[in-house]
Amino acid sequence: MSASAIEVSCLTKTFPGGKTALDDVGLSVAPGEMVALIGASGSGKSTLLRHIAGLVEADGRKGCEISVLGRAMQRDGRIARDARAIRSAIGMVFQQFNLVGRLSVLTNVLTGHLGRMPRWRGALALFTEDEKRAALEAMRRVGIDSHALHRGNDLSGGQQQRAAIARTLVQGAEVLIADEPIASLDPHSAQRVMDILAALNAEDGITVLVSLHQVDYALRYCPRTVALRDGRIVYDGPSAALTPDFLSELYGAESRELLLPSLDRGEAEAPMPRPRAEPVALREAVA
Ligand SMILES: Nc1ncnc2c1ncn2[C@@H]1O[C@H](COP(=O)(O)OP(=O)(O)OP(=O)(O)O)[C@@H](O)[C@H]1O
């Protein structure tokens, strides 16, 4: 096994037009870690995650390297030729779920197999009984098996996000990159999705890097947080250190954006997830 699940060195990204979205970012995530990436809107979270997934090329600076599971995803601003193969071990979950709404939930989850089956079989959607069993098992684990034959569009946001997570399980992802997976969800659904990510991390040893708008979820679910501000890492350490005072030191007025209203004493009460020392077992999370 490689020393790092994710390794990023000297990553700088300047978009056409001159915006420097990431400025000399370095990051190392060990296998089996669950790490939160926080930052106000525009701080560079999505851009960083998309670079790790090999979807965006970094600036062509010498020494810039991103590797996943010990394989170079990009180097000196060039995405590796075998990026697709490396990506097959990376599960991606986005804020907008990315399901095909007109297809059944089962078919959506089955597409997690596509990277490992002959293209012709994928094109004809000819899945084996074993592949269907694996998809149903993944759906059972995230608590959506009873919706297998519903259309993706007919599920709630939280259920769609759980289907997207089931697809990464079917894919056999060893690293899960989740870009604001709970940003569109109500607090109850958000908590359920985070419970599932934590359970996959604890039970399956899947490395999770999850970007979050609100630090409360990082405190509750992720032992470690990386904090971005204006494209730079301003903190990388135990989440427990991120008190409102420390956040305000790091972010100034922007820190209000990172706190749920219940922690921000100046605003109305809102439901906040209760702290829990250990991630719940998956079965409990979906009960
Ligand atoms: N394709 C692009 N072209 C030009 N600028 C971009 C592009 N993508 C992102 N940016 C800029 O880069 C900066 C970082 O954006 P990014 O989406 O990574 O931030 P973020 O922390 O994920 O924000 P949010 O929480 O709002 O999603 C922003 O200023 C954004 O406007």
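**Ligand shell, helices and loops in a predicted model**

Helix α1 (residues 45–52) gives the largest share of the shell around the ligand, three residues. Helices here are DSSP runs of H or I with at least four residues, strands are runs of E with at least two, and both are numbered from the N terminus. The structure is a predicted model, in which local features need pLDDT of at least 70 and side-chain atom pairs count only at pLDDT 80 or more, while totals for chains, interfaces and linings use all residues. Residue numbers start from 1 along each chain as its sequence is written.

Going round the ligand, the surrounding residues are F15, G17, K19, A21, G39, S41, G42, S43, G44, K45, S46 and T47. A residue counts as near the ligand if its C-beta atom, placed from the backbone, lies within 6 Å of it. Sorted by class, that shell holds two nonpolar, eight polar and two charged residues. For this sorting, Ala, Val, Leu, Ile, Met, Phe, Trp, Tyr, Cys and Pro are nonpolar, Asp, Glu, Lys and Arg are charged, and the others, Gly among them, are polar.

Back to α1 itself: this helix is mostly covered, with six of its eight residues buried. Those six are K45, T47, L48, L49, H51 and I52. "Buried" means that 20 or more other C-beta atoms lie within 10 Å of the residue's own, "exposed" means 12 or fewer, and "partly exposed" is in between, with C-beta atoms placed from the backbone. After α1 comes G54, with a positive phi near 70°.

As for the chain overall, ten helices and eleven strands are present, and 44% of the 287 residues count as buried. Of the contacts between residues at least 6 apart in sequence, 65% join residues at least 24 apart, a contact being two C-beta atoms, placed from the backbone, within 7 Å. An unreviewed UniProt entry places the feature "domain: ABC transporter" at residues 6–255; UniProt positions follow the numbering used here, feature names are shortened, and annotations may be inferred rather than shown by experiment. Over residues 6–255 the chain is 34% helix and 26% strand, and the end C-alpha atoms sit 27 Å apart.

Helix α5 (residues 129–141) has the span one would expect: at 1.5 Å a residue its 13 residues should cover 18 Å, and the end C-alpha atoms are indeed 18 Å apart. The expected figure is 1.5 Å times one less than the number of residues. Buried in α5 are A134, A135, A138, M139 and R141. These residues cover an arc of only 160° around the axis, so they lie on the same side of α5; the arc is taken from the directions from the helix axis to the C-beta atoms. The face turned away from that buried side carries the exposed residues E129 and R133. Just after α5, G143 has a positive phi of about 80°.

Most residues other than glycine have a negative phi. L69, in the loop between β4 (65–68) and β5 (71–75), nonetheless has a positive phi near 50°. L69 is partly exposed because 18 other C-beta atoms lie within 10 Å. E180 also has a positive phi, near 50°, and sits in the loop between β8 (175–179) and α7 (187–204). With 18 C-beta neighbours inside 10 Å, E180 is partly exposed.

Finally, D230 is found in the loop between β10 (224–229) and β11 (232–238). D230 has 15 C-beta neighbours inside 10 Å and therefore counts as partly exposed. Although 189 residues separate D230 from S41 in sequence, their C-alpha atoms are 9.3 Å apart in space. S41 is one of the residues surrounding the ligand.
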